[in-house]
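Let's take a walk through this model together. Keep the 3D view open and turn it as you read.

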Amino acid sequence: MRFQRVKGTRDVLAREAMARRELEALVLERLERSGFLPILTPTFESYELYRRSTGESSDIVVKEMYRFEDMGGRELALRPEGTPSIVRAVLEAGLKPPVRLWYVMPMFRQDKPQKGRYREHTQIGAEILGEGEPQVDAELIKLGYDLFNEMGIRGMYIELNSIGCRGCRPGYVAELSRFLTSHLDELCDDCKVRTRRNPLRVFDCKVKSCHAVLESAPSQGDYLCPECREHFSRVKKGLERFSIPYRENERLVRGLDYYSRTVIEFKSSVLGAQDTVCGGGRYDYLVEDMGGPPTPGIGFAFGVERALLAAKGEEVFKFSGSSIPLLLVPLGEEASQFALELLFTLRNQGLCVQAEFRQGGLSKQLKRASARNAEHVLIIGEEEIGKERFILRNMLRGEQREVTIEEIVTIPELKSPASLLTSGDISIT
Ligand code: HAM
């Protein structure tokens with residue numbers, strides 16, 4: 001019986017795994033220099049955590065969570081996003097804000113799979129607790145902007161909005177609700193429910209006719225209180241100081257319930273329907289809502305798969321074999337034992353080396369070596385062991401020469417790790 005991976009999940013193959021490693025190294029270096037410490041939280045949490053924070057009316061909680069009961073009757077959920085877990089962990093560990101944390105963790109959402117949207121994906125996120133000044137919003141956006149530029153995200157643009165605070169948002173929501181109620185029969189069934197439960201969520205709807213209705217909806221910007229207006233204008237001033245281009249989008253509300261004031265998305269025009277590489281914003285009430293002291297918060301997270309797609313295209317997801325810088329080819333049992341020990345002697349000297357332990361004559365062994373994409377082979381026979389001189393063959397050029405072990409360990413090409421081949425180059429032995 002052959003098994004297949006579960007719908008919407010992915011295997012990360014060599015080329016992508018290496019690209020992820022590079023990307024993580026870049027993020028780690030930039031974020032840790034900016035004061036972020038790493039954190040990991042459990043893959044599953046209580047269902048209630050997400051219901052209370054991500055939000056009862058969010059698509060994530062209503063439609064996409066992997067929710068289950070364990071054998072002890074506990075209601076749990078696979079983590080759909082990182083922010084609630086981070087706030088919970090900070091409160092549980094009693095960390096004193098200001099605190100900056102970053103993570104790379106898998107997330108689970110049972111949405112319809114398509115290009116750039118998976119049921120398990122990896123997010124890299126950064127969260128700042130205890131810093132509410134608008135300069136911090138600009139600092140975080142600049143950090144993201146630089147990171148995405150360094151990653152080579154193609155066709156990147158930024159959308160920005162302020163969704164106000166607890167003082168001014170209710171006035172806007174009431175006005176929006178009046179407007180939506182007067183257009184109820186033009187809305188899809190989901191949006192009819194959203195109008196009743198949380199009118200702002202109508203902006204998350206993908207249905208075209210709902211978009212048409214929203215064209216003439218009241219504008220959020222007109223309802224911001226003077227403090228939110230001032231906060232937003234100082235955020236924008238910060239971005240202008242860095243010459244970061246952005247588009248103000250009054251319809252941007254983000255699909256999670258905890259946001260307040262600044263919300264932001266980094267998008268890429270090369271991605272198609274799932275074009276948001278990174279989303280984030282302020283969440284100045286979340287800590288308090290989760291039982292902590294009043295503490296402002298802000299953060300963002302980006303999908304690693306989408307970032308790679310936007311930076312490198314689908315090639316990065318293709319299967320790749322690799323070449324072997326040096327392959328030991330022993331001839332005979334005695335030589336095999338010698339090669340087994342030599343493998344580790346050479347690796348300890350920094351060489352990237354494997355051995356072909358299957359037995360056979362020289363020509364058969366060389367055929368195997370080229371099938372395994374060996375760049376160099378070291379031929380080890382009993383005579384060579386006696387003389388302490390071995391034959392090093394360059395498989396690409398077909399040239400060979402005699403070398404001692406002392407000489408081999410000084411050859412730089414033998415120290416570079418295996419390089420990836422494109423799928424067409426792979427030979428199956
Ligand atoms: P989010 O916009 O739901 O925000 O997700 C962040 C990013 O994760 C998206 O922009 C996208 O790149 C990626 N992503 C989301 N769902 C999928 C999926 N099904 N498949 C592939 N990639 C996906 C959050 O999760 C917030 N916690 C971000 C945040 C941090 N806000 C403040 N701090």
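Start with helix 12, where the buried residues are Ala335, Ser336, Ala339, Leu342, Leu343 and Leu346. What sits on top of them? The cover over these buried residues includes strand 12 (324-330), strand 13 (353-355) and strand 14 (374-380), along with helix 14 (382-387) and helix 15 (405-408). Bear in mind as you look around that this is a predicted model.

Now look at helix 12 end to end. It covers residues 333-348, 16 residues in total, and spans 23 Å from its first C-alpha to its last, close to the 22 Å expected at 1.5 Å a residue. After helix 12 comes Gly350, and its phi is positive, near 95°.

Next, swing over to the ligand. It has 25 residues around it, and the closest are Glu81, Tyr118, Glu127, Tyr259 and Val277. Sort the shell by type and you get 9 nonpolar, 10 polar and 6 charged residues.

Which atoms make polar contacts here? Glu127 puts a polar side-chain atom 2.9 Å from a nitrogen atom of the ligand. The side chain of His121 also has an N or O atom 3.3 Å from a ligand nitrogen. With Thr276 it's the backbone that takes part: one of its polar backbone atoms is 3.1 Å from an oxygen atom of the ligand. On its own the ligand would expose 660 Å², and the protein buries 96% of that.

As for where the shell comes from, the elements giving two or more residues are strand 6 (120-129), strand 10 (276-282) and strand 11 (297-303). Strand 10 is the biggest giver, with 6 residues.

Stay by strand 10 for a moment and find Asp275, which is in the loop between strand 9 (260-268) and strand 10. Is Asp275 buried or exposed? It has a relative accessible area of 19%, so it counts as buried, since the cut-off for buried is under 20%. Leaving aside residues up to four places away in sequence, Asp275 touches Tyr157, Phe266, Lys267 and Ser268.

For another aspartate, go to Asp190 in helix 7 (residues 189-197). Its relative accessibility is 36%, so Asp190 counts as partly exposed. From there, find Val207: the two residues are 17 apart in sequence, and their C-alpha atoms are 9.8 Å apart in space.

Conventions:
Residues numbered from 1 in each chain as written. Predicted model: local features only at pLDDT ≥ 70, side-chain atom pairs only at ≥ 80, totals over all residues. Heavy atoms only, no water. Near = heavy atom within 4 Å. Polar contact = N/O pair within 3.5 Å; in protein donor to acceptor, adjacent residues only side chain to side chain. Areas by Shrake-Rupley, 256 points an atom, 1.4 Å probe, with all protein chains shown as cover. Helix = DSSP H or I, 4+ residues; strand = E, 2+ residues; numbered from the N terminus. Nonpolar A, V, L, I, M, F, W, Y, C, P; charged D, E, K, R; others polar. Buried < 20%, exposed > 50% of the residue type's maximum accessible area, 1.4 Å probe, protein only. Contact = heavy atoms within 4.5 Å. Expected span 1.5 Å × (residues − 1).
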